[in-house]
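Here is a friendly tour of one structure, taken a region at a time. Have the viewer open and follow along.

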Amino acid sequence: MKANSVVIAGGGSTYTAGIVMMLIENQDIFPLRSLKLYDIDANRQGIVADACAVIVKERAPHVTFSATTDPAEAFTDVDFVMAHIRAGGLPMREKDEKIPLKYGVVGQETCGPGGIAYGMRSIPAVIRLIDYMETYSPHAWILNYSNPASIVAEATRVLRPDSRIINICDMPIAIKKSFSDILGIPESDFVERYYGLNHFGWWTEIHDKAGNDLMPALKEHTRQWGYGPAATESGNPLLEEASWMDTFRKTKDIHAVDPDTLPSTYLKYYLFPDYVVSHSNPDFTRANEVMAHREKNIFAECRRIAEAGTARDTTIEAGEHAEFVVHLARALAYNTYERMLLIVPNNGAIANVDPTAMVEIPCLVSKRGYEPLSIGTIPTFQKGLIEQQVSSEKLVVEAYIEKSYTKLWQAITLNKTVPSASVAKQILDDLVEANRDYWPELD
Ligand code: G6P
Ligand code: MN
């Protein structure tokens with residue numbers, strides 16, 4: 001097998017060390033020759049990179065490792081760009097979450113007005129990465145899981161239609177990990193039918209490889225427990241955090257609205273915004289939680305590794321959520337035709353949804369890229385929700401391109417998390433102010 005050269009864009013992320021660990025542990029299925037970290041923030045990346053250098057040297061000494069803020073160095077001679085950047089960092093995430101909450105509206109990283117604000121920051125940042133790759137390594141693939149994935153995907157469809165980018169999210173895998181715990185069946189044994197948008201989709205079928213229908217048992221569990229375990233213990237590391245456990249449990253109520261399907265956890269923000277707002281602390285949001293815990297712990301551990309000069313006893317684990325990137329890269333590199341959920345142009349796959357919508361559906365992945373599977377016609381409830389959300393997302397991209405205040409106001413007004421155009425305007429005006437350093441100036 002030909003070994004690969006990978007650059008991780010977003011080198012200073014709290015997830016990067018776990019991704020590096022995951023790549024190293026998968027040398028048998030996806031061999032590396034070179035691994036680079038790239039970030040615009042040298043200090044932040046430095047903390048992670050110093051630890052990763054030790055990890056790579058110890059566990060995969062055949063891999064050349066480096067970290068840089070120079071695009072030419074980062075993007076030259078690479079086969080894959082793994083992009084998980086956060087434009088504006090966690091401090092801007094905090095604003096995305098807190099500003100809508102001030103007006104009694106859902107404050108969330110990728111959903112509602114916060115997701116829209118983040119989208120306006122992410123679009124130019126991700127487009128820049130595509131352009132670097134096309135300049136320095138035009139035959140590479142960019143595997144993008146930068147958020148908000150739906151809006152970013154729509155922007156890449158419109159602004160860089162021929163680019164070698166594949167948009168993907170880990171959430172379906174995190175949910176399938178729960179399904180696996182619930183059933184006691186490995187997730188690699190699942191064959192799924194799923195459709196929707198990113199953070200906005202539904203499973204309609206799950207079979208095992210022998211063809212046995214697993215939906216009845218999953219639905220029965222979900223009716224009682226949501227996607228959480230029947231007891232408080234779970235094998236899913238994500239669910240060790242109370243806020244994620246609450247989100248997984250809430251699928252019980254989402255499922256009740258449509259008992260024929262199993263929903264994405266993120267639908268809680270659209271279907272139960274009142275519940276979400278009343279259970280949010282406007283002074284301490286998820287961004288605060290992440291900064292107080294994951295960021296603090298990971299960075300402390302990275303510093304400890306760098307000082308000790310060894311990672312033999314490290315607590316950093318291969319990020320399970322990163323496994324899908326390895327599988328996606330492997331499928332592209334070695335032509336495995338693996339079936340994966342990707343965010344791709346609809347093009348008729350969902351027959352009664354806009355062909356230009358970026359939808360999340362199963363695809364077969366090979367050297368040639370991806371081939372979407374056909375979904376057919378979907379029910380009115382899902383079609384209505386999807387069309388409203390797609391229109392809101394498309395308006396964000398149009399607003400970005402045309403620098404249009406009105407279109408951004410329409411995007412927020414149309415979002416299901418927002419009660420009225422007047423509330424939308426108040427939130428938008430605050431977001432404009434908060435995003436001065438990131439957004440184009442709107443007229
Ligand atoms: C899941 C989603 C990502 C999101 C992340 C946030 O993994 O798929 O899109 O960014 O959750 O997690 P956090 O722990 O930062 O709140
Ligand atoms: Mn996601």
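## Helices α5 and α6

At roughly what angle do the axes of helix α5 (residues 112-136) and helix α6 (residues 149-159) cross? They cross at roughly 45° and come within 9 Å. Axes here are lines fitted to C-alpha atoms, for helices over the stretch in contact, and angles run from 0 to 180 degrees between N-to-C directions. Helices (H or I, at least four residues) and strands (E, at least two) are DSSP runs, numbered from the N terminus. The pair α5 and α6 is therefore oblique; angles under 35 degrees count as roughly parallel, over 145 as roughly antiparallel, 65 to 115 as roughly perpendicular and the rest as oblique. The crossing of α5 and α6 is right-handed, meaning that the near helix is turned clockwise from the far one by less than a right angle, while an anticlockwise turn makes a crossing left-handed.

On the α5 side, the contact (heavy atoms within 4.5 Å) is made by G115, I116, G119, S122, I123, V126, I127 and I130. From α6 come I151, V152, A155, T156 and L159. Sorted by type, the residues of this contact are 9 nonpolar, 4 polar and no charged. In this sorting Ala, Val, Leu, Ile, Met, Phe, Trp, Tyr, Cys and Pro count as nonpolar, Asp, Glu, Lys and Arg as charged, and the others, Gly among them, as polar.

## How to read the model

This is a predicted model, in which local features need pLDDT of at least 70 and side-chain atom pairs count only at pLDDT 80 or more, whereas totals for chains, interfaces and linings use all residues. Residues are numbered from 1 along each chain as its sequence is written, chains are lettered from A and ligands numbered from 1 in the order in which they are written, and side-chain values use heavy atoms, with hydrogens and water left out.

## Two antiparallel pairs

Helix α14 (residues 380-402) packs on helix α15 (residues 405-414) at about 160°, with their axes 8 Å apart. The two are therefore roughly antiparallel, and α14 passes α15 in a left-handed crossing. Q388, S391, S392, L395, V396, E398, A399 and E402 of α14 meet K407, L408, Q410, A411 and L414 of α15. That contact divides into 6 nonpolar, 4 polar and 3 charged residues. In the loop between α14 and α15 sits K403, whose phi is near 50°, a positive value in a residue other than glycine. K403 counts as partly exposed, at 40% relative accessibility; buried means under 20% relative accessible area, exposed over 50%, and partly exposed in between (1.4 Å probe, protein chains only).

Helix α4 (residues 89-102) and α12 pack at about 150°, their axes 8 Å apart, and are therefore roughly antiparallel. L90, R93, E94, E97 and K98 in α4 meet R286, A287, N288, V290, M291 and E295 in α12. What is the make-up of the contact of α4 with α12? It has 4 nonpolar, 1 polar and 6 charged residues.

## The manganese site

C169 (SG) and H199 (NE2) are the protein donors of the manganese ion (ligand 2), at 2.2 to 2.4 Å. Donors are N, O and S atoms within 2.8 Å of the metal (3.2 Å for Na, K and Ca); water is not among the atoms, so sites may look incomplete. C169 lies in the loop between β6 (165-167) and α7 (171-183) and H199 in the loop between β7 (190-197) and β8 (200-208), so the pair ties together parts 30 residues apart in sequence.

Both donors are buried, H199 with a relative accessible area of 7%. Phi of H199 is near 55°, a positive value. Most residues other than glycine have a negative phi, and most peptide bonds are trans. An exception of the second kind joins N147 and P148: this peptide bond is cis, with omega about -10°. P148 lies in the loop between β5 (141-144) and α6.

## Covered and uncovered places

Helix α1 (residues 16-25) is mostly covered, with 9 of its 10 residues buried. Its buried residues pack against β1 (4-9), β2 (32-38), α2 (42-59), β4 (80-83), α12 (286-308) and α13 (323-334).

S34 is in strand β2 and counts as buried, at 12% relative accessibility. Beyond its neighbours within four places in sequence, S34 is in contact with N4, S5, V6, V63 and T64. A210, by comparison, is exposed at 68%, in the loop between β8 and α8 (215-225).
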